[in-house]
Amino acid sequence: RASLGRFSAQELSNLLWALTSTRHPPPAAWLRAWQAAALPRLASFKPQELSTCMWALAVLGASLGTPFIRGFFYHSFNKLGYYNAQDCAITMWALGSLHLYPPDTWRD
């Protein structure tokens with residue numbers, strides 16, 4: 001788990017996607033460690049990486065910590081203008097699956 005802190009945004013996104021595709025979810029402790037590693041890097045995630053991560057977390061049924069949720073909404077809001085239709089659709093599906101509702105400023 002300690003090595004997750006050395007992963008780039010793309011590597012964190014790819015790793016989470018790969019684990020999801022195996023259909024063998026990692027333990028909750030690992031998902032918490034992943035969130036802790038991803039949180040300080042959210043500013044460097046590209047829209048596709050953000051949407052992929054939220055999709056994977058939703059498929060895994062992850063319990064997301066409040067700091068990660070706030071960080072996701074903050075950084076995704078700053079990048080919404082760069083999201084393509086697929087990024088938007090995947091993100092909205094993931095948010096609905098996770099029962100997360102973006103702040104009003106995110107939706108305006």
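# Close-up views of helix packing and selected residues

The crossing of α3 and α4 is left-handed in this predicted model.

**View 1. Packing of helix α3 against helix α4.** The axes of α3 and α4 come within 10 Å and cross at roughly 145°. On the α3 side the meeting residues are Pro 47, Leu 50, Met 54 and Leu 57, and on the α4 side they are Phe 68, Phe 72, Ser 76 and Lys 79. Sorted by class, this contact of α3 with α4 has 6 nonpolar, 1 polar and 1 charged residues.

**View 2. Packing of helix α1 against helix α2.** Two packed helices are described by the angle between their axes and the distance between the axes. For helix α1, which spans residues 9–21, and helix α2, which spans residues 28–38, the angle is about 160° and the axes are 11 Å apart. Because of that angle, α1 is roughly antiparallel to α2. The crossing in which α1 passes α2 is left-handed, and the contact is made by Leu 12, Leu 15, Leu 16 and Leu 19 of α1 together with Trp 30, Leu 31, Trp 34, Ala 37 and Ala 38 of α2. By class, the contact of α1 with α2 has 9 nonpolar residues, with no polar and no charged residues.

**View 3. The buried residues of helix α2 and what covers them.** The buried residues of α2 are Trp 30, Leu 31, Ala 33, Trp 34, Gln 35, Ala 37 and Ala 38. The elements that cover these buried residues of α2 include α1, α3 and α4, the last of these spanning residues 66–79. Of the buried residues, Trp 30, Leu 31, Trp 34, Ala 37 and Ala 38 also take part in the contact with α1.

**View 4. Surroundings of Ser 76 in helix α4.** Ser 76 is found in helix α4, and with a relative accessibility of 0% Ser 76 counts as buried. When residues up to four places away in sequence are not counted, Ser 76 touches Leu 50, Tyr 83 and Trp 106; Leu 50 and Ser 76 are also among the residues where α3 and α4 meet. The C-alpha atoms of Ser 76 and Ala 37 are separated by 17 Å, the two residues being 39 residues apart along the chain.

**View 5. Ser 13 of helix α1 and Thr 52 of helix α3.** Ser 13 lies in helix α1 and is buried, with a relative accessible area of 2%, while Thr 52 is found in helix α3, residues 47–60, and is also buried, with a relative accessible area of 16%. Leaving aside residues up to four places away in sequence, Ser 13 touches Phe 45, Glu 49, Thr 52 and Cys 53. Under that sequence exclusion, Thr 52 touches Ser 13 and Trp 17.

**View 6. The cysteines Cys 53 and Cys 88.** A disulfide is a covalent bond between the sulfur atoms of two cysteines. A search of the whole structure finds 0 disulfides. The cysteine sulfur closest to that of Cys 53 belongs to Cys 88 and is 16 Å away, which is too far for a bond, given that a disulfide needs a pair of cysteine sulfur atoms within 2.5 Å. Cys 53 counts as buried, at 3% relative accessibility, whereas Cys 88 is partly exposed, with a relative accessible area of 33%.

**View 7. The loop between helices α1 and α2.** Both Pro 26 and Arg 23 are placed in the loop between α1 and α2. Pro 26 is buried, with a relative accessible area of 13%, and, not counting residues up to four places away in sequence, Pro 26 touches Leu 19, Leu 31 and Leu 60. The C-alpha atoms of Pro 26 and Leu 16, which are 10 residues apart along the chain, are separated by 9.4 Å. Arg 23, by contrast, counts as exposed at 74% relative accessibility, and Arg 23 has a positive phi of about 65° although it is not a glycine.

**View 8. His 99 in the loop between helices α5 and α6.** Most residues other than glycine have a negative phi. His 99, which is not a glycine, nevertheless has a positive phi of about 55°. His 99 lies in the loop between α5, residues 85–97, and α6, residues 104–107, and counts as exposed, at 59% relative accessibility.

Notes
Residues are numbered from 1 along each chain as its sequence is written. This is a predicted model: local features need pLDDT of at least 70, side-chain atom pairs count only at pLDDT 80 or more; totals for chains, interfaces and linings use all residues. Side-chain values use heavy atoms; hydrogens and water are left out. Axes are lines fitted to C-alpha atoms, for helices over the stretch in contact, and angles run from 0 to 180 degrees between N-to-C directions. Helices (H or I, at least four residues) and strands (E, at least two) are DSSP runs, numbered from the N terminus. Angles under 35 degrees count as roughly parallel, over 145 as roughly antiparallel, 65 to 115 as roughly perpendicular and the rest as oblique. A crossing is left-handed if the near helix is turned anticlockwise from the far one by less than a right angle, and right-handed if clockwise. Contact means heavy atoms within 4.5 Å. Ala, Val, Leu, Ile, Met, Phe, Trp, Tyr, Cys and Pro count as nonpolar, Asp, Glu, Lys and Arg as charged, and the others, Gly among them, as polar. Buried means under 20% relative accessible area, exposed over 50%, partly exposed in between (1.4 Å probe, protein chains only).
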